[in-house]
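Work through the exercises below with the sequence and the 3D view side by side. Each task is followed by a solution in steps.

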Amino acid sequence: MSVRRPVAWAVAVVLFVEAVGVAALNWFLAIVVDRQDMSLAGLDPDMMSLSSKIGGVVFGLYFALCALVALLVALRDRAPAGLGRVLLISAAVVHGLLGAFTWGLVGPGAFVFMIVVLGLIVLLLMTYDAREAPAAAGRRPEDGRDGDGSPVSPPPAPTTP
């Protein structure tokens with residue numbers, strides 16, 4: 001049994017949950033900044049609140065798009081290609097960087113979560129990267145001849161004395 005589809009489903013679910021969580025967290029932080037009515041180093045609190053909301057929506061949509069790619073991989077049982085592959089690789093890089101930052105800022109629990117998600121994304125990319133050849137394709141009979149009876153390699157050319 002292959003682990004490819006369950007891993008793709010797990011990545012899709014985790015990234016969808018993370019998309020909602022990131023958007024909700026940034027929205028909550030925007031509300032907190034808005035209610036504080038203080039500036040940070042002279043910055044406008046309304047602008048900080050608005051930028052937090054925009055950042056939450058952008059990152060939430062980014063993770064949701066990555067989750068959609070993983071969902072399509074799970075449904076089709078085919079490797080991600082093109083932009084989808086680039087999105088999943090970028091999500092892996094983002095989780096690696098966030099994991100490095102969360103160890104010091106949030107704690108080991110958030111670090112472990114980020115590294116688990118990173119591992120799931122890398123596992124998704126690696127399991128679909130391995131090419132499985134069909135059972136009959138590429139195999140030659142043991143007698144050194146192809147399926148039509150011709151030799152696999154041409155006979156040596158005759159030499160002149």
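## Exercise 1: A charged pair

Asp-77 is partly exposed, because its relative accessibility is 28%. The model in which this residue sits is a predicted one.

**Task.** State where Asp-77 is found, and describe its phi angle.

**Solution.**
Step 1. Asp-77 belongs to the loop between H2 and H3.
Step 2. Its phi is near 55°, which is a positive value in a residue other than glycine.

**Task.** Find how many salt bridges the structure holds, and explain which parts of the chain the pair ties together.

**Solution.**
Step 1. Side chains of opposite charge can pair when their charged atoms come close.
Step 2. The count of salt bridges in this structure is one.
Step 3. The bridge is formed by the side chains of Arg-4 and Asp-77, at 3.7 Å from N to O. The cut-off for such a contact is within 4 Å.
Step 4. Arg-4 is in helix H1 while Asp-77 is in the loop between H2 and H3, so the bridge ties together parts that are 73 residues apart in sequence.
Step 5. Arg-4 has a relative accessible area of 17% and is therefore buried, since buried means under 20%. Asp-77, at 28%, counts as partly exposed.

## Exercise 2: The overall layout

**Task.** Say how many helices and strands the protein chain has, and what share of its residues is buried.

**Solution.**
Step 1. There are four helices and zero strands in the protein chain.
Step 2. Read from the N terminus on, the order of elements is α-α-α-α.
Step 3. The protein chain has 161 residues, and buried residues make up 25% of them.

## Exercise 3: The nonpolar core

**Task.** For the largest nonpolar core, name the residues that touch the most other members, then the element that gives the most to this core.

**Solution.**
Step 1. The largest nonpolar core has 23 residues, and within it Val-11, Leu-15, Ile-121 and Leu-124 touch the most other members.
Step 2. Two or more residues of this core come from each of helix H1 (4-36), H2, helix H3 (83-105) and helix H4 (108-129).
Step 3. The element that gives the most to this core is H2, with eight residues.

## Exercise 4: Along helix H2

**Task.** Decide whether Ala-67 is buried or exposed, do likewise for Val-69 and Val-73, and give a C-alpha separation for each.

**Solution.**
Step 1. Ala-67 is part of helix H2. With a relative accessible area of 0%, Ala-67 is buried. Between the C-alpha atoms of Ala-67 and Leu-87 there are 9.6 Å in space, and the two are 20 residues apart in sequence.
Step 2. Val-69 also has its place in helix H2. Its relative accessibility of 13% makes Val-69 buried. Val-69 and Leu-87 lie 18 residues apart in sequence, with 8.0 Å from C-alpha to C-alpha.
Step 3. Val-73 is in helix H2 too, and is buried at a relative accessible area of 4%. Its C-alpha is 9.1 Å from that of Tyr-128, a residue 55 positions apart from Val-73 in sequence.

**Task.** Place Ser-49 in the structure and give its C-alpha distance to Asp-34.

**Solution.**
Step 1. Ser-49 is a residue of helix H2, and at 3% relative accessibility Ser-49 counts as buried.
Step 2. The C-alpha atoms of Ser-49 and Asp-34 are separated by 5.8 Å, although the two are 15 residues apart along the chain.

## Exercise 5: Two surface patches

**Task.** List the residues that make the nonpolar surface patch, and find which element gives the most to the nonpolar patch.

**Solution.**
Step 1. Trp-9, Phe-16, Leu-65, Leu-68, Leu-72 and Leu-75 make a nonpolar surface patch of about 520 Å².
Step 2. H1 and H2 are the elements that give two or more residues to the nonpolar patch.
Step 3. H2 gives the most to the nonpolar patch, namely four residues.
Step 4. Leu-68, of helix H2, is partly exposed at a relative accessible area of 38%. Patch residues need over 30%.

**Task.** Which residues gather in a patch of negative charge on the surface?

**Solution.**
Step 1. The patch of negative charge is a gathering of Asp-34, Asp-37, Asp-44 and Asp-46 on the surface.
Step 2. Of these, Asp-46 lies in helix H2, which spans residues 45-76.

Notes. Residues are numbered from 1 along each chain as its sequence is written. This is a predicted model: local features need pLDDT of at least 70, side-chain atom pairs count only at pLDDT 80 or more; totals for chains, interfaces and linings use all residues. Side-chain values use heavy atoms; hydrogens and water are left out. Patches are made of residues with over 30% relative accessible area and no salt bridge: like charges are joined within 9 Å, nonpolar side chains (Val, Leu, Ile, Met, Phe, Trp, Tyr) within 5 Å. Accessible areas come from the Shrake-Rupley method with a 1.4 Å probe; for residues, only the protein chains shown count as cover. Lys and Arg count as positive and Asp and Glu as negative; His and the chain ends are not counted. The place of a charge is taken as NZ of Lys, CZ of Arg, CG of Asp or CD of Glu. A nonpolar core is a set of buried Ala, Val, Leu, Ile, Met, Phe, Trp, Tyr and Cys residues joined through side-chain atoms within 4.5 Å. Buried means under 20% relative accessible area, exposed over 50%, partly exposed in between (1.4 Å probe, protein chains only).
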